[in-house]
Amino acid sequence: MSKTQFVGYSGQGFWAYDLALGIFLKHLIDAAEASDYAGTPWLSSAISNWRIVACISDFCLDFDLTLPEVERQVFITMAEDACTKLSQRASIPAEEIAAWTILDDLRIFPRGATEVSTAPIVELGEAIVALISGTLPEAPGGTLWFYGVPNGRTTIAAALPRKPIA
């Protein structure tokens, strides 16, 4: 089980710490299920994929390139809502994270943390919004951004991403 997951969209991307990505996706799922688009085929499919990626770090998060503009904007709004919700707390206790049922009986693994700061998770969510919006700044040569780590954004040596879920 890797600690990193690739997040990609339209040939661009970055790496994310799996615990932070799982927590962000849990909040994104909550925002999606509360949205006016809940139950639509495209969002139901996306939520199913997000649940897998949140719990199983062997998959990357590859956003659908075929989303019409309105659905892309809906996604951005939901991601911003998830960031807002996360930013209302300084941290989340590991017991709470481990109690979230994400996919069947699968849960997010807190990796030994007793508490997880939300600031790096919000930064990760904002990077996802920037990626989807086409405004993510380029990482220094030979590297990719690495988001969600406790000390904030850093870089990681460029490598090929893992295979997305089908």
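Trainee: Let me start with the strands. Which residue in β6 is the bridge partner of Trp15?

Mentor: Phe146 is the partner of Trp15 in β6. Keep in mind that this is a predicted model. To read a pairing, take the bridge partners, then the sense. β2 and β6 pair over two bridges, in the parallel sense.

Trainee: In which sense do β6 and β7 pair, and over how many bridges?

Mentor: Antiparallel, over four bridges. Here β7 covers residues 154-157. One bridge to look up joins Leu144 to Ile156 of β7.

Trainee: How many residues lie between the strands in the hairpin of β6 and β7?

Mentor: Six. Gly148 belongs to this hairpin and takes a positive phi near 90°. As for burial, four of the five residues of β6 are buried, so β6 is largely enclosed by the rest of the structure.

Trainee: How should I read a positive phi?

Mentor: Start from the general rule. Most residues other than glycine have a negative phi. Two residues here go the other way. Ser10, not a glycine, has a phi near 55°. Asp104 is not a glycine either, and its phi is about 50°.

Trainee: Where do Ser10 and Asp104 lie?

Mentor: Both sit in loops. Ser10 is between β1 and β2. Asp104 is between α4 (94-99) and β5 (115-117).

Trainee: Is Asp104 buried or exposed?

Mentor: Exposed, with a relative accessible area of 69%. Ser10, at 47%, counts as partly exposed.

Trainee: Next, the core. How many residues does the largest nonpolar core have?

Mentor: It has 59. Look for the residues with the most contacts inside it: Phe14, Phe24, Trp50, Phe75, Met78 and Ile128. Then ask which elements contribute. Those giving two or more residues are β1 (4-9), β2 (12-17), α1 (18-33), α2 (41-55), α3 (69-87), α5 (119-133) and β6 (143-147).

Trainee: Which element gives the most to this core?

Mentor: α1, with ten residues. Its burial can be read alongside. Of the 16 residues of α1, 14 are buried, so the helix is largely enclosed by the rest of the structure.

Trainee: What does Phe24 touch?

Mentor: Leave out residues up to four places away in sequence. Phe24 then touches Ala79, Ala82, Cys83, Leu86, Ile121, Leu124, Gly125 and Ile128.

Trainee: How do I check the length of a helix?

Mentor: Set the end-to-end C-alpha distance beside the value expected at 1.5 Å a residue. α1 reaches 22 Å from its first C-alpha to its last, close to the expected 22 Å. For the 19 residues of α3, the expected span is 27 Å, and its end C-alpha atoms are 27 Å apart, which agrees.

Trainee: Which residues of α3 are buried, and what covers them?

Mentor: The buried residues are Glu71, Arg72, Val74, Phe75, Ile76, Met78, Ala79, Ala82, Cys83 and Leu86. Note Glu71 and Arg72 in that list. The cover includes β1, α1, α2, β4 (91-93) and α5.

Trainee: How many disulfides does the structure hold?

Mentor: Zero. Check this by sulfur distances. For Cys55, the nearest cysteine sulfur is that of Cys60, 16 Å away. Cys55 is buried too, at a relative accessible area of 13%.

Trainee: Why is Cys83 in no bond with its closest cysteine sulfur?

Mentor: Begin with the general idea. A disulfide is a covalent bond between the sulfur atoms of two cysteines. The sulfur closest to that of Cys83 is in Cys55, and at 19 Å it is too far for a bond. Cys83 is also buried, with a relative accessible area of 7%.

Trainee: Now a single residue. In which strand is Leu61 found, and what does Leu61 touch?

Mentor: Leu61 is in β3. Its relative accessible area is 3%, so Leu61 is buried. Setting aside residues up to four places away in sequence, Leu61 touches Phe6, Val7, Gly8, Leu21, Leu25, Trp50 and Val53. Compare sequence and space as well: Leu61 and Ala31 are 30 residues apart in sequence, and their C-alpha atoms are 18 Å apart.

Trainee: Last point, confidence. What is the mean pLDDT of the protein?

Mentor: The mean is 90, and 93% of residues reach 70 or more. Then read by element. Confidence is highest in α5, at 97, and lowest in β3 (residues 61-62), at a mean of 91.

How values were computed
Residues are numbered from 1 along each chain as its sequence is written. This is a predicted model: local features need pLDDT of at least 70, side-chain atom pairs count only at pLDDT 80 or more; totals for chains, interfaces and linings use all residues. Side-chain values use heavy atoms; hydrogens and water are left out. A nonpolar core is a set of buried Ala, Val, Leu, Ile, Met, Phe, Trp, Tyr and Cys residues joined through side-chain atoms within 4.5 Å. Buried means under 20% relative accessible area, exposed over 50%, partly exposed in between (1.4 Å probe, protein chains only). Contact means heavy atoms within 4.5 Å. A disulfide is a pair of cysteine sulfur atoms within 2.5 Å. The expected span of a helix is 1.5 Å times one less than its number of residues. pLDDT is the predictor's confidence in each residue, from 0 to 100. Two strands pair if DSSP finds at least two bridges between them.
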